[in-house]
Amino acid sequence: MNDRQRHHAYWKANTALIRNLLLVWAGVSIGCSILLVRPLNAISFGKIPFGFWMAQQGSIFIFVILIFIYALGMEKIDRNYKE
Amino acid sequence: MSVEAWTTLFVLLSFILYLYIGWRSRVRDSQGFFVADRGVPAIANGAATAADWMSAASFISMAGLISFLGYDGSIYLMGWTGGYVLLALLLAPYLRKFGKYTVPDFVGDRYYSNVARLVAVVAAIFVSLTYVAGQMRGVGIVFSRFLQVPVETGVIIGMVIVGFFAVLGGMKGITWTQVAQYGVLIVAYLIPAVAISTFLTGNPIPQLAFGFSDIVDKLDGVQVDLGFAAYTQPFANKSMLDVLFIAIALMVGTAGLPHVIVRFYTVPSPRDARFSAGWALLFIAILYTTAPAVAAFARYNLIESLHDRPVAEVQQLDWAQKWENTGLLEFKDTNNDGRYQLTPDEATNEIVINADIVVLSTPEVAKLAPWAIALVATGGLAAALSTASGLLLVISSSVAHDVYYRLINPQASESKRVMVGRVMVGFAIVIAGYFGVNPPGFVAQVVAFAFGLAAASFFPAIVLGIFDARTNREGAISGMLVGLVFTTIYIIGVKFYGMEPWFSGISAEGIGTVGMVLNFIVTWVVSRLTPPPPEAIRQMVENLRLPGDAPPALVDVGEEELD
């Protein structure tokens with residue numbers, strides 16, 4: 001691969017990772033916690049409604065995990081690029 | 001020892017610590033003053049960002065707001081954390097790689113335009129000033145509640161402390177004091193939370209007790225019996241659409257707030273910026289996942305100990321007496337049945353509870369020793385001071401760096417630039433202090449502005465600047481202006497002139513989302529109707545996207561050369 005193709009592949013891998021993680025981000029915050037909260041409240045998580053738990057705690061835990069997945073994923077993409 | 005004595009002791013000790021750190025971190029050059037020599041480790045920057053981000057409002061008022069709003073309070077929990085995902089994925093690593101000092105730096109250079117730079121400067125100063133006034137007021141209020149010092153004196157003490165480490169140490173002094181302040185505020189928040197959780201459920205971990213005890217379930221029942229909506233019932237106070245728009249505006253606004261973004265200029269590399277955002281959100285999440293538990297437990301406990309109890313019994317409660325004296329709790333037995341009733345109807349309600357009570361009274365309700373109560377005061381001060389110092393630096397660097405150095409005197413020497421920076425910090429502290437002592441009546445209302453404007457101005461300009469090489473000067477300027485003007489008019493109209501929230505009933509807090517979408521559309525369309533950015537800029541964007549730490553070679557393109 002020449003430099004240009006390598007750059008292109010790197011950027012593509014980066015944006016694909018970003019897109020996937022943002023889909024999860026929107027799914028838990030906008031999806032589960034707001035738009036689908038009513039149906040999800042029919043399910044219980046521990047002793048409280050699941051949709052309510054997602055909105056007040058679950059989404060925050062997932063946000064933290066998403067950022068670390070991104071940071072670690074980029075480590076891997078960076079390494080591949082250098083080789 | 002009394003609560004006052006403990007509070008005085010803790011506050012003094014914490015102030016000595018902050019002053020010591022400020023003295024140790026004093027700086028001489030502009031790199032140290034504006035971006036802490038870019039030598040802050042990722043995890044330390046995470047802690048500093050968390051302290052910078054969590055204000056007096058997060059610490060004192062948020063749990064209270066949630067306890068009154070129930071499910072609808074989730075907008076704050078998600079809104080003020082979800083933005084970090086956007087920040088980590090879309091902004092922080094690229095801005096660090098870009099390697100300048102401020103947000104207007106990026107906007108001005110990327111869009112090869114001093115007009116764009118100026119729009120960004122004005123927005124940055126406006127957003128930060130609205131925010132900082134509330135923080136100084138918060139410092140004064142904590143002093144007055146816990147130490148019976150007049151609010152004004154409290155504000156002035158806070159000004160002196162922040163002034164010391166911010167003027168001497170600039171960003172470096174602020175960063176390391178914020179790390180210490182995070183430690184103080186999180187301990188202060190967790191001790192009473194663990195205590196009330198153990199007291200009510202027997203489980204010391206609030207996050208687990210929230211989902212696995214029956215308190216929330218019982219609270220739902222009690223609320224319905226009293227005529228309120230169930231605690232977990234969605235959209236009891238706001239429509240689904242409004243909740244959605246407010247949550248998005250807060251998330252995007254968080255990612256676009258200049259005092260948060262600049263923190264990522266202080267780490268050594270783009271890789272550190274990514275991890276740093278993760279640490280920051282982890283540290284924030286420790287408080288933000290505790291808050292909903294405190295909110296539900298405190299609400300349950302307040303209703304159980306006050307509602308329908310005989311007047312004599314309530315008068316026996318030490319904490320109820322104490323907070324009644326401050327005016328944050330009010331009782332009046334209007335129907336003269338010898339008991340106080342809590343109802344959703346203002347005419348029959350006999351217990352008025354201020355939202356701030358929820359956090360402030362928790363240690364006493366959980367029967368903690370006086371030193372734990374003193375710790376809450378120290379934590380509240382740490383939260384307010386750390387946020388204030390971060391905002392003051394943004395105001396100072398906007399004027400000293402973006403206006404003075406980049407626009408007025410590009411030949412200024414290092415020492416002169418740092419000197420102007422120090423003077424501007426001092427100047428900003430005086431203005432913030434003035435608003436802290438004489439709060440304009442609209443401060444609480446204009447906070448919606450800070451997020452709405454950040455969402456409608458910076459966020460689209462920066463994201464498109466990185467991810468769309470075709471975005472040009474004309475597009476970015478018109479997009480920012482349309483976003484700013486639309487959002488400002490809507491908020492001012494709804495808040496001050498009684499305008500109907502005509503956009504699908506979206507409230508002023510949520511309209512930033514619409515402003516952001518408008519900004520994106522206008523920028524995109526105008527960019528494609530006008531000439532593409534010069535080759536040098538395309539090259540710069542190309543370099544921003546590459547791995548490695550070297551900042552992209554920057555060509556300063558003068559406006560006159562382009563036209």
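A residue is termed buried if 20 or more other C-beta atoms lie within 10 Å of its own, exposed if 12 or fewer do, and partly exposed in between, with C-beta atoms placed from the backbone. By this definition, 35% of the 83 residues of chain A count as buried.

The structure is a predicted model, in which local features need pLDDT of at least 70 and side-chain atom pairs count only at pLDDT 80 or more, while totals for chains, interfaces and linings use all residues. Residues are numbered from 1 along each chain as its sequence is written, and chains are lettered from A in the order in which they are written.

Chain A contains three helices and two strands, arranged along the sequence as α-α-β-β-α. Helices (H or I, at least four residues) and strands (E, at least two) are DSSP runs, numbered from the N terminus. The C-alpha trace of chain A spans about 55 × 20 × 15 Å along its principal axes.

Chains A and B each contribute 37 residues to their contact, two residues being in contact if their C-beta atoms, placed from the backbone, lie within 7 Å. The elements of chain A that give two or more residues to this side are tabulated below.

| Element of chain A | Residues |
|---|---|
| Helix 1 | 3–35 |
| Helix 2 | 37–40 |
| Strand 2 | 48–49 |
| Helix 3 | 50–82 |

Helix 3 of chain A gives the most, with 18 residues.

In chain B, helix 21 (residues 458–467) is mostly covered, with nine of its 10 residues buried; among them are B:Phe458, B:Phe459 and B:Pro460.
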